There are 2 protein chains.
Amino acid sequence: MPENRTEISELGEFGLIERLNQDVILRNPSTLKGIGDDAAVIEAGDHVKVVTTDLLIEGVHFDLSYAPLTHVGFKAVAVNVSDIAAMNAIPTQITVSIALSNRFSVEAVEDLYAGINAACEHYGVDLVGGDTTASRGGLVISVTAIGEAQKDQVSYRSGAKVNDILCVTGDLGSALIGLQILEREKQVYLANPDMKPDLEKYDVVTGRQLKPDARMDIIHELREMDIVPTSMMDVSDGLASEIFHICKASNVGALIYEDKLPIDKQTFDTAVELNLDPITCVLNGGEDYELLFTIDQKDFAKLEKHPDIHFIGHMTKAEEGKFLVTKSGTAVQLKAQGWKHF
Amino acid sequence: MPENRTEISELGEFGLIERLNQDVILRNPSTLKGIGDDAAVIEAGDHVKVVTTDLLIEGVHFDLSYAPLTHVGFKAVAVNVSDIAAMNAIPTQITVSIALSNRFSVEAVEDLYAGINAACEHYGVDLVGGDTTASRGGLVISVTAIGEAQKDQVSYRSGAKVNDILCVTGDLGSALIGLQILEREKQVYLANPDMKPDLEKYDVVTGRQLKPDARMDIIHELREMDIVPTSMMDVSDGLASEIFHICKASNVGALIYEDKLPIDKQTFDTAVELNLDPITCVLNGGEDYELLFTIDQKDFAKLEKHPDIHFIGHMTKAEEGKFLVTKSGTAVQLKAQGWKHF
């Protein structure tokens, strides 16, 4: 038995990753960026490949009592494509490995792959490999996505500069609210199986939770407008947490404005119904899969009228910290609560 | 509920994969080879990248009651590197995702990564990314490996020609025998925890099961000798099964000779002790991670004296079938039993 036993919960997911990464040594000159961004960056002749991977575990990342397998398959691809988008790259290939128990029929696996194939078509990626094996527990899905970009097109987390404008796409907090609704209706159903869940009025939020869409549309538009974000990442753990990542990697601070934060009306109303603070949901809700990025001020005019890009603040000097200016004009320190799996 | 329910066991792993692959469409010109070889092949400017992935599940692929976590970590990398080797490529990067329950301490995870890092050093690859998450069940490890090669250096399963010589590295069957011994000693221990397992005399076979080594040494030697195998794959599911794969992909037959099949002395003796037929172990044992490849006859002289490459037969016309010539001179039809997870 080991002399010391440190619980993983003491370190948290980020703490554990940081500790494990201490011993990583990069040996290949083709490795342009290893751990620490949305994807790794690898030299590939005249361009670069970006590589990312995500593991989805039944009971942790999805609940088959309300998530259809086709949606789970689609989402497994979308969350990886979102990481490729976050590097300002175009996804090209994926591998998909699954582990499943004999609880799953061939037809169920086909439903899962119908979702995977639909996502491949939607994002224009090729399913090129994988592994299929038995599981002693629930369904496990591991997806690796590969994308490509020109070397000078890649947006890292580390490129934000003081006075860059902080932008976010779409709206935030919906996926978290969708999860709350799905969990509530599941409990209602478990307590009384005759009760039919009424999910119609929650279609936006549940849709954002069950079948998120990676924002490749934005990446293609940025290319057409010849804009390379100075830094970028996707919002998977919550806006505040992601702002902290960019600030740390870029050695800058940030000032954001409450009245600029985008929230969908159904998300807002449902948050109120659930007695949740909508702004807290926007700041700390996970799984939005929107893009958070910074642009040089010279690019602002090109994006100013974009209907789905919101300018929520700007970057400051690192020593000025990270603050949210509330609607009443008070500056409060941002806290990164993030999304905890452990 | 679906109207039909087909059990996965009715199709088997290969049948399921074949069925799922029917719906896969390749859209990107950069995808040179998708599903169906040891790794996918992707265009990368002046060279190609090869990509492979493997999922290792506790209780299916490893048993922590006798496999130390450092060995599990090393093996998770080695089996992926073996697939890169099987394409005649050099591994350069890996990603590693893990799912773990709170049964694992930080120190246990560090042991696992000590093995992963040792394998990275041994094979000269960089750990460039991954995902860490909670698991409801046992430990799950998903590794994706990336390698590189010149386009004309890649060895596919499909390139074997009639009269090519069939070669295999090292020896076969040891990992299967090692597994039998480890399982036997586990049962002895479970029945009587005071019994200390005596594994010393089984060091070779248990070592081959717990910490296999991918044959990158052979790949480097082949390059130095300027030999590109006409076809290649690694022996992970059993020699006979792999010969079937090469024959199918290359549309050829095969004739192999029992007296040419390489088996280690300890493996032979232990097989006999366990009342197993050594040749059956060589033909159908899994997880050997040796290389099976074909060469053009013109390259034979260069390899003839290699101490660790065995010439076990040659390729024939497809209609001549797949046969094993026994020591007594009888030709018997080869059967691919392979390694079944379902």
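Is A:Ile17 buried, exposed or partly exposed, and what is its relative accessibility? Select A:Ile17 to begin: with a relative accessibility of 24%, this residue counts as partly exposed, where buried means under 20% relative accessible area, exposed means over 50% and partly exposed lies in between, with a 1.4 Å probe and protein chains only. A:Ile17 sits in helix H1, residues 8-21 of chain A, with helices (H or I, at least four residues) and strands (E, at least two) taken as DSSP runs numbered from the N terminus. Add A:Ile35 to the selection, and the two C-alpha atoms are 9.5 Å apart in space, while the residues are 18 apart in sequence.

**Before going on**

This is a predicted model, in which local features need pLDDT of at least 70 and side-chain atom pairs count only at pLDDT 80 or more, while totals for chains, interfaces and linings use all residues. Residues are numbered from 1 along each chain as its sequence is written, chains are lettered from A and ligands numbered from 1 in the order in which they are written, and side-chain values use heavy atoms, with hydrogens and water left out.

**Chain A as a whole**

Now show chain A alone, whose secondary structure comes to 10 helices and 13 strands. Along the principal axes, its C-alpha atoms fill a box of roughly 55 × 55 × 50 Å. The radius of gyration of chain A is 20 Å, which agrees with the value near 20 Å for a compact globule of 342 residues; the radius is taken over C-alpha atoms, and the globule rule is 2.2 Å times the number of residues to the power 0.38. Of the 342 residues in chain A, 58% are buried.

**A buried proline**

Next select A:Pro212, in the loop between helix H5 (203-210) and helix H6 (216-224) of chain A. A:Pro212 has a relative accessible area of 2% and is therefore buried. Apart from its neighbours within four places in sequence, A:Pro212 is in contact (heavy atoms within 4.5 Å) with A:Phe74, A:Lys75, A:Ala78, A:Tyr123, A:Gly207 and A:Tyr289.

**Two asparagines in loops**

Move to A:Asn163, in the loop between strand E6 (140-149) and strand E7 (165-169) of chain A. Its phi is near 80°, a positive value in a residue other than glycine, and at 43% relative accessibility A:Asn163 counts as partly exposed. Then select A:Asn251, in the loop between helix H7 (239-250) and strand E9 (252-257) of chain A; A:Asn251 has a positive phi of about 55° although it is not a glycine, and at 59% relative accessibility it counts as exposed.

**Both chains together**

Bring chain B back into view: a rotation of 180°, with 0.0 Å of shift along its axis, superposes chain B on chain A with an RMSD of 0.0 Å, the fit being by least squares on the C-alpha atoms of residues with pLDDT of at least 70 in both. The two copies are thus related as by a two-fold rotation axis. The same surface serves both copies, since 100% of the contact residues of chain B recur in chain A.

For the last stop, select A:Ile42, A:Lys49, A:Val51 and A:Ile146 along with B:Ile42, B:Lys49, B:Val51 and B:Ile146, which line the largest cavity. Strand E3 (47-57) of chain A and strand E3 (47-57) of chain B are the elements that give two or more residues to this lining. A cavity is a set of points, on a 1 Å grid over the protein atoms alone, where a 1.4 Å probe fits but cannot get out, and lining residues have an atom within 4 Å of a point.

Key
On a 1 Å grid over the protein atoms alone, a cavity is a set of points where a 1.4 Å probe fits but cannot get out, and a pocket is an open set with protein on both sides within 12 Å along at least five of seven lines; lining residues have an atom within 4 Å of a point.
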